[in-house]
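These are my notes from an afternoon with the model. I went through it element by element and wrote down what I looked up.

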Amino acid sequence: VVFCLSLFAEINYFRQVNTPQKPILRGGSSIEVHLRGTFSKGSEIYYFYLLKDLLHIKVMRYLPISIQSIREILEGGYVYVDKTRFAQELIENKQRKHCFLSRPRRFGKSLFLNTLEEIFKGNKALFKGCAIYESDYDWQPYPVLYLNFAEILNETTQDFKESLKRSLAELAAEYETQIDLPSAQEGLKSLIKALSKKKQVV
């Protein structure tokens with residue numbers, strides 16, 4: 001963050017008379033500064049500085065606009081409305097064999113799926129401060145198959161099929177598993193079967 005004081009703010013905060021000393025904020029906190037220029041008024045000289053480290057100043061957190069990674073949001077200090085309690089309820093509800101998330105565009109579907117991915121991978125430390133971190137969730141890691149169709153080519157039917165097969169091959173390589181890929185459908189089936197021999201696939 002770069003913050004440049006105006007003339008009046010400079011005089012109000014730092015009144016360096018005749019000697020370029022490191023400015024001290026009110027309250028005694030010092031900060032990293034760079035001398036940018038001077039201004040003389042009668043026999044007094046005022047020194048102007050560029051401030052570079054404002055960590056001591058409490059600022060509002062940013063909204064996570066268009067961010068679909070829960071890790072980036074939590075580690076980046078963005079505003080986050082904790083939905084991990086609902087994620088845990090969804091996971092632990094044994095009566096639901098399938099779940100369809102019906103929500104409008106830009107309502108956080110991709111972010112929620114990424115949250116589920118991190119939970120299923122057992123990344124407990126990431127969720128420190130969230131409801132699920134304090135819960136009795138077991139945090140066992142599971143193989144996760146996450147397909148982002150926004151990254152799969154779809155200009156033609158053939159492009160889509162080949163791109164989907166490549167995505168499945170990348171997932172198989174990530175889990176060091178060999179699969180048959182005559183088609184995307186058979187490749188997905190083969191991948192799930194291979195991984196389920198190790199642990200339940202989500």
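I began with α5, in what is a predicted model. I counted 18 residues in α5, and I took its span from the first C-alpha to the last as 26 Å, close to the 26 Å expected at 1.5 Å a residue.

Next I asked which residues of α5 are buried. I listed Ser163, Leu164, Lys165, Ser167, Leu168, Leu171 and Ala172. I then looked for what these buried residues pack against, and I found α6, residues 184–196.

I took Ser163 from that list for a separate check. Ser163 sits in α5, which covers residues 157–174. The relative accessible area of Ser163 is 6%, so I put Ser163 down as buried, the cut-off being under 20%. What does Ser163 contact, leaving aside its neighbours within four places in sequence? I noted Glu151, Ile152 and Leu153.

Glu151 was the next stop. I placed Glu151 in the loop between α4 and α5. Is Glu151 buried or exposed? I have Glu151 as exposed, because its relative accessible area is 65% and the cut-off is over 50%. I also took a C-alpha to C-alpha distance from Glu151 to Leu164, which came to 9.5 Å for a separation of 13 residues in sequence. Leu164 is itself one of the buried residues of α5.

I followed the chain past the end of α5. Just after the helix, Glu176 takes a positive phi of about 55°. Most residues other than glycine have a negative phi, so I kept a list of exceptions. Glu176 is on that list as a residue other than glycine. I located Glu176 in the loop between α5 and α6, and I recorded Glu176 as exposed, with a relative accessible area of 74%.

Ser66 went on the list of exceptions as well. Its phi is near 65°, a positive value, and Ser66 is not glycine. I found Ser66 in the loop between β3 (44–51) and α2 (70–75). Ser66 has 53% relative accessibility and therefore counts as exposed.

In α6 I looked up Ser196. Its relative accessible area is 40%, which made me enter Ser196 as partly exposed. I then checked Ser196 against Tyr142: the two are 54 residues apart along the chain, and their C-alpha atoms are separated by 9.5 Å.

I turned to α3, residues 84–92. Its buried residues are Thr84, Ala87, Gln88, Leu90 and Ile91. Why do I describe them as lining one face of the helix? Seen down the axis of α3, the buried residues fall within an arc of 160°, so they line one face. I asked what covers these buried residues, and my answer includes α4.

That led me to Thr115, which lies in α4. Thr115 has a relative accessible area of 2% and is therefore buried. Not counting residues up to four places away in sequence, I found Thr115 touching Ile70, Tyr80, Thr84 and Phe127. Of these, Thr84 is among the buried residues of α3.

I then opened the second largest pocket. Its volume is about 640 Å³. I counted 22 lining residues. Which of the lining residues lie nearest the pocket centre? I wrote down Ile67, Arg106, Phe107, Gly108 and Leu111. I sorted the lining by residue class and got 11 nonpolar, 6 polar and 5 charged. Which element gives the most to the lining? I found that α4, residues 109–120, does so with 5 residues.

Last, I looked up the overall figures. I counted 6 helices and 3 strands in the protein. Reading from the N terminus on, I wrote the order of elements as β-α-β-β-α-α-α-α-α. The protein has 202 residues, of which 30% count as buried. For contacts between residues at least 6 apart in sequence, I noted that 46% join residues at least 24 apart.

Terms used
Residues numbered from 1 in each chain as written. Predicted model: local features only at pLDDT ≥ 70, side-chain atom pairs only at ≥ 80, totals over all residues. Heavy atoms only, no water. Helix = DSSP H or I, 4+ residues; strand = E, 2+ residues; numbered from the N terminus. Buried < 20%, exposed > 50% of the residue type's maximum accessible area, 1.4 Å probe, protein only. Contact = heavy atoms within 4.5 Å. 1 Å grid on protein atoms, 1.4 Å probe; cavity = no way out; pocket = protein on both sides within 12 Å on 5 of 7 lines; lining within 4 Å. Points joined across faces, edges and corners; volume = space filled by probe spheres on them. Nonpolar A, V, L, I, M, F, W, Y, C, P; charged D, E, K, R; others polar. Expected span 1.5 Å × (residues − 1). Arc of directions from axis to C-beta.
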